[in-house]
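User: Please take a close look at one part of this model, the place where two helices pack against each other, and then work outward to the strands around it and elsewhere in the chain.

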Amino acid sequence: MGQTVLEMIGIKKSFSGIYALSGIDFSLELGEVHALLGENGAGKSTLIKVLGGIHQPDSGSIRINGKEVKIRNVPEARENGIGIIHQEIVLVPYLTVAQNLFLGREIAKGGRINMKETVQMAQEMINALGVNIRADEMVENLTIAQQQMVEIVKAVSFNGNIIVMDEPTSSLSNEEVEQLFEIIARLKEKKVSIIYISHRMEELFRISDRVTVIRDGVYVGTRKTCETNPNELVAMMVGRDLQNFYARDYNDLSKAPVALEVKNLTSEGSFKDISFQVRKGEILGFAGLVGAGRSETMESVFGAREYQSGEIYLNGKKQNFKNPMQALKAGLAMVPEDRKKQGLILENSVAFNLTLASLHFYMNGVAISEKKRHVVIDEFFKKLKIKAASPEIEAGSLSGGNQQKVVLGKWLATKPDVLILDEPTRGVDVNAKYEIYLTINELAKQGIAIIMISSELPEIINMCDNVCIMRSGRLVGKLCREELSQEEIMKYAAGGVE
């Protein structure tokens, strides 16, 4: 065992009498990457908020370098060397990188901020971590990955020797993930200790030293990463073995009618000459690197983005959707990539969101039939196993997996013939993924044609009948189920095959 820099012992925290944490133990060693794993709602965020001074525990203690400390607020967490990089970036977009790094601790000379020294010191801090960003660049001009790097530099610059990374790769491309991992390696060399929260097993096995699993606010166990495997961790997370994580019954598509056909679709600057078809009961995958043009293609099919040329046929009938509502009424639905920005109205209830896209089904003249509406709310609340106290609870208060189920239910309520799913399991936990896969499988069995865009190749390989691969706005390959492998898909996606 190495030197222990952090111990959280018997941490309990309740909200309105319900325990979110029921006696959690967690420790962190010097220069270690310790992964924190659990389903959405397991208590990971609450534990981190206790460490970061946002929540006060009901009981339990925190020790840093063997000394018990009280962390009553965020400044006190910083004083104890704790820096938290939240999933949602909290930089000020209209300020420069340097101004963000020194926000609240400005370098002043003669009562005025010394911008020259601020930029110089900021650049030295950035360079020390090997990050390729200019200190005088406006934050709004940076990519999400670069903004995340700035957050890391900021956390370390407060003499942070305990850094928490909450789902740091959820919005990053493969290349950006590699850059992040290089920075993590540099931080380890500097003896910085990292708590790493992620649902992506392959990441945990690549960069973590230990993994702690919590479930329903209870400590389940800690394993050395080199002595465990994904199956054991999944069983610890969900309390049971998932015999077959991917749920798929394959349909005979030889006589299935074509539900959607796209011919030579082109949108200047986004994608060119895209042609494909998907049959009833088929799950057609779309793979490719970030920026390949997959989402843009589907947005054009759905009427949410203009295209210059090409043809779209839905159930054999030529369509020219001017907006998503026209597509919706014709039998096409799309679950968007970003559930918070495009999928949900977070401050409204689960019930409101579930029926938002299908209101035209419940109209009696100009009035909405509440009876019909509530039948649909109850149906999808139960069918999708949405975990919420009631359908009237605010959608923004749900875990990521349950928010995703609400978005899925919203579009299923429109009774589509064709359903487009853009990153349907991004940022959701293992059990929620499994339940979403079960739902997708049932929809395909019912004869709904499904298009699935996903950056997770195991998901593409195990759930799809056929897969289209895009690169730089072009369709560069089509593979059937028997041909699918990560290597084969990446050959096309990365440019090894023409």
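**Helix 14 against helix 15**

Analyst: Helix 14 crosses helix 15 in a left-handed sense. The model is predicted, and the description below is of that model. The two helices, residues 400-412 and residues 430-445, have axes 10 Å apart and pack at an angle of about 15°. With that angle, helix 14 counts as roughly parallel to helix 15, because angles under 35 degrees are put in that class.

On the helix 14 side, the contact is made by Gly401, Gln404, Lys405, Leu408 and Leu412. Facing them in helix 15 are Ala432, Glu435, Ile436, Thr439 and Leu443. By type, the residues of this contact are five nonpolar, three polar and two charged.

Strand 21 covers residues 418-422. Five of its five residues are buried, so the strand is mostly covered. Its side chains point in two directions: Val418, Ile420 and Asp422 go one way, while Leu419 and Leu421 go the other. Asp422 is buried along with the rest of them.

Strand 21 has pairing partners in strand 18 and strand 22. Strand 18, residues 332-335, runs parallel to strand 21 and is joined to it by four bridges. In that pairing, leucine 332 stands opposite valine 418. Strand 22, residues 449-453, is also parallel to strand 21, and here the pairing extends over five bridges. Leucine 421 has methionine 452 as its bridge partner in strand 22.

A separate description is needed for the six-stranded sheet. This sheet is open, has the strand order 6-9-10-3-11-12, and is mixed in its pairing. Strand 6 (82-85) and strand 12 (218-224) are the edges, each pairing on one side only. On average, neighbouring strands are turned by 20° against each other when direction is ignored. Strand 6 is joined to strand 9, residues 162-166, by four bridges, and the two run parallel. Isoleucine 82 and isoleucine 162 stand opposite each other in this pair.

Two helices pack on this sheet. Helix 8, residues 230-238, touches strand 3, strand 11 (210-215) and strand 12, and its direction makes about 25° with that of strand 11. Helix 6, residues 174-189, lies across strand 3 (33-37), strand 9 and strand 10 (193-197). Relative to strand 10, helix 6 runs at about 150°.

Three single residues complete the account. Aspartate 216 sits in the loop between strand 11 and strand 12. Its phi is near 50°, a positive value in a residue other than glycine. Aspartate 216 has a relative accessible area of 60% and is therefore exposed, the cut-off being over 50%.

Aspartate 273 also has a positive phi, near 60°, and is likewise not a glycine. Aspartate 273 lies in strand 14, residues 271-279. At 42% relative accessibility, aspartate 273 is partly exposed.

Proline 75 belongs to helix 2, residues 74-79. Its relative accessible area is 48%, so proline 75 is partly exposed. Glycine 52 is 23 residues away from proline 75 along the chain, and their C-alpha atoms are separated by 8.8 Å.

Key
Residues are numbered from 1 along each chain as its sequence is written. This is a predicted model: local features need pLDDT of at least 70, side-chain atom pairs count only at pLDDT 80 or more; totals for chains, interfaces and linings use all residues. Side-chain values use heavy atoms; hydrogens and water are left out. Axes are lines fitted to C-alpha atoms, for helices over the stretch in contact, and angles run from 0 to 180 degrees between N-to-C directions. Angles under 35 degrees count as roughly parallel, over 145 as roughly antiparallel, 65 to 115 as roughly perpendicular and the rest as oblique. A crossing is left-handed if the near helix is turned anticlockwise from the far one by less than a right angle, and right-handed if clockwise. Contact means heavy atoms within 4.5 Å. Ala, Val, Leu, Ile, Met, Phe, Trp, Tyr, Cys and Pro count as nonpolar, Asp, Glu, Lys and Arg as charged, and the others, Gly among them, as polar. Buried means under 20% relative accessible area, exposed over 50%, partly exposed in between (1.4 Å probe, protein chains only). Two strands pair if DSSP finds at least two bridges between them.
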